[in-house]
Amino acid sequence: NAETTAFRLVNSEGDGLSGLTVDAYGAYLVCSVSAAWVDQRRDLVVAALARRYEPLAGAAPTVLWRRAAARLRSEGLEDVADDDAQGGDIVEALEAGLRFEVDVYGQKTGFYCH
């Protein structure tokens, strides 16, 4: 709704998608990836998120892929880096009408939604 643009879209095990958490901050979707099966299907996951979220946001979202590199290496993936960890983007998000600045490249996905 107009008062809340920050929320958890995908809650990993709670949504049957172990290893994938997605937080929405307005036009940004921040994916926290901690399972090899998710990382290996990145293109499919990003396309599905964009297709489903665009009608809610009114525009195609920017999807950021945040990898838990050590965890993915422990599952046998090599040459794993946090692809989208370039930093610098602060986005505005609303929660219950309160305005927050969220560093989408910060710790985990950037903000704790209540």
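**Notebook: strands, salt bridges and one aromatic pair**

**Entry 1. A register check.** I began with the bridge partner of Val10, which is Val22 in S2. I then looked up how the two strands run: S1 and S2 are antiparallel and are joined by 5 bridges. I note here that the model is a predicted one.

**Entry 2. Confidence.** I looked up the confidence before going further. The mean pLDDT of the protein is 84, and 87% of the residues reach 70 or more. I asked which element has the highest confidence and which the lowest. H2 is highest, at a mean of 93, and helix H3 (residues 69–74) is lowest, at 80.

**Entry 3. Overall layout.** I recorded 3 helices and 6 strands. Along the sequence, these elements follow the pattern β-β-β-α-α-β-α-β-β. The protein has 114 residues, of which 39% count as buried. I also looked up the contacts with a separation of 6 or more: 45% of them are between residues 24 or more positions apart.

**Entry 4. The sheet.** I traced an open sheet of 4 strands in the order S1-S2-S3-S4, and its pairing is mixed. Which strands lie at the edges? They are S1 and S4, each of which pairs on one side only. From one strand to the next, the twist averages 20 degrees.

I then followed the pairings beyond S1 and S2. S2 and S3 are antiparallel over 6 bridges, whereas S3 and S4 run parallel and are joined by 6 bridges. For the register I noted that Asp23 stands opposite Val30 in S3, and that Ser32 faces Arg66 in S4. The hairpin of S2 and S3 has 2 residues between the strands, and Gly26 takes a positive phi near 60 degrees there.

I asked whether strand S3 is enclosed or open to the surroundings. Strand S3 covers residues 28–33, and 5 of its 6 residues are buried, so the strand is largely enclosed by the rest of the structure.

**Entry 5. Salt bridges.** How many salt bridges are there? I recorded 3.

The first one I examined joins Asp23 to Arg8, with the closest N and O atoms 2.6 Å apart. This pair links distant parts of the chain, since Asp23 lies in strand S2 (residues 20–25) and Arg8 in strand S1, 15 residues apart. I looked up the exposure of both partners. Asp23 counts as buried because its relative accessibility of 1% falls under the 20% limit. Arg8, at 43%, is partly exposed. I add that Asp23 is also the residue noted above opposite Val30.

The next one is formed by the side chains of Asp39 and Arg67, at 2.7 Å from N to O. Here, too, distant parts of the chain are linked: Asp39 belongs to helix H1 (residues 36–39) and Arg67 to strand S4 (residues 62–67), 28 residues apart. Are these partners buried or exposed? Asp39 is buried at 11% relative accessibility, and Arg67 is buried at 17%.

The remaining entry is the salt bridge of Arg99 with Glu92, in which the closest N and O atoms are 2.8 Å apart. Arg99 counts as exposed, with a relative accessibility of 58%. Glu92 counts as partly exposed, at 48%.

**Entry 6. The aromatic pair.** I found 1 aromatic pair in the structure. Phe7 and Tyr53 form this pair, with 6.4 Å between the centres and 45 degrees between the planes. I asked why the pair is called tilted. The angle of 45 degrees is neither under 30 degrees, as stacked rings require, nor over 60, as edge-to-face rings require, and therefore the pair is classed as tilted. The separation of 6.4 Å is within the 6.5 Å limit for a pair.

I then placed the two rings in the chain. Phe7 lies in strand S1 (residues 6–11) and Tyr53 in helix H2 (residues 42–57), so the pair links distant parts of the chain, 46 residues apart. As for exposure, Phe7 is partly exposed at a relative accessible area of 27%, while Tyr53 is buried at 4%.

**Entry 7. Strand S1, collected.** I closed by gathering what was noted for S1. S1 is an edge strand and holds Arg8, the salt-bridge partner of Asp23 in S2. S1 also holds Phe7, which pairs with Tyr53 in helix H2.

Conventions. Residues numbered from 1 in each chain as written. Heavy atoms only, no water. Phe/Tyr/Trp six-rings, centres within 6.5 Å; stacked < 30°, edge-to-face > 60°. Buried < 20%, exposed > 50% of the residue type's maximum accessible area, 1.4 Å probe, protein only. pLDDT = per-residue confidence, 0-100. Salt bridge = Lys/Arg side-chain N within 4 Å of Asp/Glu carboxyl O. Pairing = 2+ DSSP bridges. Axes fitted to C-alpha atoms, helices over the stretch in contact; angles between N-to-C directions. Contact = heavy atoms within 4.5 Å.
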